[in-house]
Amino acid sequence: MGIMIYAVLFVAGMTVLYAFFLDPFRDAIAAYGWTVTPCTVYSSKIEPVTDKEKKNDKGGATIVGYRPEIKYSYRVGGKVRRSDRIWFIRTGADTQGDAKKLVDKYPLGSQQQCYVDPRDDDFAVLERGFRPELLIALIPLILALAGITGIVSRVLRRVSRPDPRFAPIHHYSEGATLTHRSKSGVVALLVAVLIAIMWNSIISFLLREVIKNWREGIPGCYGWFLTIFAVPFVLVGLFLLALPVYFFLKLFNPRPTLRLSIAEIPAGGAAELTWRFWGRYDRLHRLRISLEGREEATYQSSEDTATAREVFMTIQLVDTAKPQEIRWGKVRVAVPENAVPTFSAPHNRIAWVIHVCGEIKRWPDVDEEFEFNVLPATVREPAGAVAS
């Protein structure tokens, strides 16, 4: 049943995209290479849009809006062609004031420029480029993406259903050490830049329309609605623009290298942790290193899956503001005897991590962590016990 619902969402979204938005999107991109041709407006007027379902009523049809009717002629290959397209999507019912703006922009008998499709001389428009109307395509696009994502996740869930028993833990060889080197952060920066460019490229058309409405004076109902509608999208865009700056600044942070003398520590045991910062470690004014035990639980609510995390134990290992102690040092990591061992199950896991936090004034902080295994406590035979 779940796959059927997702399939309906996917088919419905793709059908609407193909039927209503594929050609306008394709033409809006291709029109930048269309032929610019002089044209003459031979008809420019406002036509009322009526409710056709009431045309048989005694009172006549009801006017539900107004539409600008602009017709123009142009010459291609020695032949006169005619068109009434203003943009790629025909204008629907609108207010009389909005319709009048277009009629005033293209008055009767005026000389204009139209854009002719070189593959079809009968197809021409007065305006090209993207408009906020195309943003409506995001709705069927989201439906289609939700549908295909749901189908794939359901299929993968059936193919690779987790074993109900505890999942095996990755164990290290006896006496192995564990080393963690901080990543540069270039990948995170590139991903943030890409997302910011994609989002703001889409929102730019909406923002351009809002600015256009305000430049012409205090907007009407449509302008106010468009402005209010655009506010959350613009705020998200500003946040996404600030995010690459944050990751760019983090590129210049000092990066730590940490080494744990034992990769698997039994409960009640201990290991030696050494650290060293590379780069401008003198910019750090405080260093804190702690041992944390976390419990993670994954639960499913309806069709959504979420993971809850809770830190049930924190042991402070290092807290210093001395530059030499910040640059490099070592500390004993002692795991309590009553510590819960590391384990992983399909929906629950216990994880132990070393958390490093380096504070920098008026700059993104250093925040690193890495996991290690905590084993069950070693069983000790009582003194004087005799084997039976």
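The exercises below work through a predicted model, each with a stepwise solution.

**Exercise 1. The sheet**

Find the order of the strands in the open sheet of four strands, and name its edge strands.

Solution.
- Step 1. Follow the pairing from strand to strand. Strand S6 covers residues 178-181 and pairs with S7 over four bridges, in the antiparallel sense.
- Step 2. Move on from S7. Six bridges join S7 to strand S9, residues 270-278, and these two also run antiparallel.
- Step 3. Write down the order. It is S6-S7-S9-S12, with antiparallel pairing.
- Step 4. Look for strands that pair on one side only. These are S6 and S12, the edge strands.
- Step 5. Add the twist. Neighbouring strands in this sheet are turned by 15° against each other on average, with direction ignored.

A general point helps here: strands of a sheet pair through backbone hydrogen bonds, either parallel or antiparallel.

**Exercise 2. Two faces of a strand**

Sort the side chains of S7 (residues 255-260) by the face they point to, then do the same for S6.

Solution.
- Step 1. Take every second residue of S7. Pro256, Leu258 and Leu260 point to one face and are buried.
- Step 2. Take the others. Arg255, Thr257 and Arg259 point to the other face and are not buried.
- Step 3. Repeat for S6. Leu178 and His180 share a face and are buried, while Thr179 and Arg181 point the other way and are not.
- Step 4. Match residues across the strands. Leu178 stands opposite Leu260 in S7, and His180 stands opposite Leu258.
- Step 5. Cross to S9. Leu258 stands opposite Trp275, and the bridge partner of Thr257 is Arg276.

**Exercise 3. The largest nonpolar core**

Which residues of the largest nonpolar core touch the most other members?

Solution.
- Step 1. Recall the general trend. In soluble globular proteins, nonpolar side chains tend to be buried together.
- Step 2. Pick out the best-connected members. The core has 30 residues, and Leu260, Leu273, Ile289, Ile354 and Phe372 touch the most other members.
- Step 3. Ask which strands contribute. S7, S9, S10, S11, S12, S14 and S15 each supply at least two residues of this core.
- Step 4. Zoom in on Ile354. Setting aside neighbours within four places in sequence, its contacts include Leu273, Ile289, Leu291, Leu317, Val333 and Phe372. Ser290, Glu368 and Glu369 are also among the contacts of Ile354.
- Step 5. Check for another core. A second, separate one has 13 residues, including Cys39, Val41, Ile70 and Val76.

**Exercise 4. A cysteine pair**

Explain why Cys39 and Cys114 do not form a disulfide.

Solution.
- Step 1. Find the closest cysteine sulfur to that of Cys39. It belongs to Cys114 and lies 4.0 Å away.
- Step 2. Apply the cut-off. A disulfide needs the two sulfur atoms within 2.5 Å, so 4.0 Å is too far for a bond.
- Step 3. Count disulfides by this rule. The count comes to zero.
- Step 4. Check burial. Cys39 has 1% relative accessibility and counts as buried. Cys114 has 0% and counts as buried too.

**Exercise 5. Two buried polar residues**

Are His180 and Glu292 buried or exposed, and what do their side chains contact?

Solution.
- Step 1. Use the cut-off: buried means under 20% relative accessible area.
- Step 2. Test His180. Its relative accessible area is 16%, so His180 is buried.
- Step 3. Find its polar partner. A polar contact of 3.3 Å joins the side chains of His180 and Glu368.
- Step 4. List other residues touched by His180, beyond four places in sequence. Among them are Pro256, Thr257, Leu258 and Phe370.
- Step 5. Test Glu292, which lies in strand S10. Its relative accessibility is 10%, so Glu292 counts as buried.
- Step 6. Find its polar partner. The side chains of Glu292 and Arg294 are joined by a polar contact of 3.1 Å.
- Step 7. Look further along the sequence. Glu292 touches residues including Val311, Met313, Trp352 and His355.

**Exercise 6. An unusual phi**

Where does Arg362 lie, and is Arg362 buried or exposed?

Solution.
- Step 1. Locate Arg362. This residue is in the loop between S14 and S15.
- Step 2. Read the accessibility. The relative accessible area is 80%, so Arg362 is exposed.
- Step 3. Recall the general rule. Most residues other than glycine have a negative phi.
- Step 4. Compare. Arg362 is not a glycine, yet has a positive phi of about 55°.

How values were computed: Residues numbered from 1 in each chain as written. Predicted model: local features only at pLDDT ≥ 70, side-chain atom pairs only at ≥ 80, totals over all residues. Heavy atoms only, no water. Buried < 20%, exposed > 50% of the residue type's maximum accessible area, 1.4 Å probe, protein only. Pairing = 2+ DSSP bridges. Core = buried A, V, L, I, M, F, W, Y, C linked by side-chain atoms within 4.5 Å. Contact = heavy atoms within 4.5 Å. Axes fitted to C-alpha atoms, helices over the stretch in contact; angles between N-to-C directions. Polar contact = N/O pair within 3.5 Å; in protein donor to acceptor, adjacent residues only side chain to side chain.
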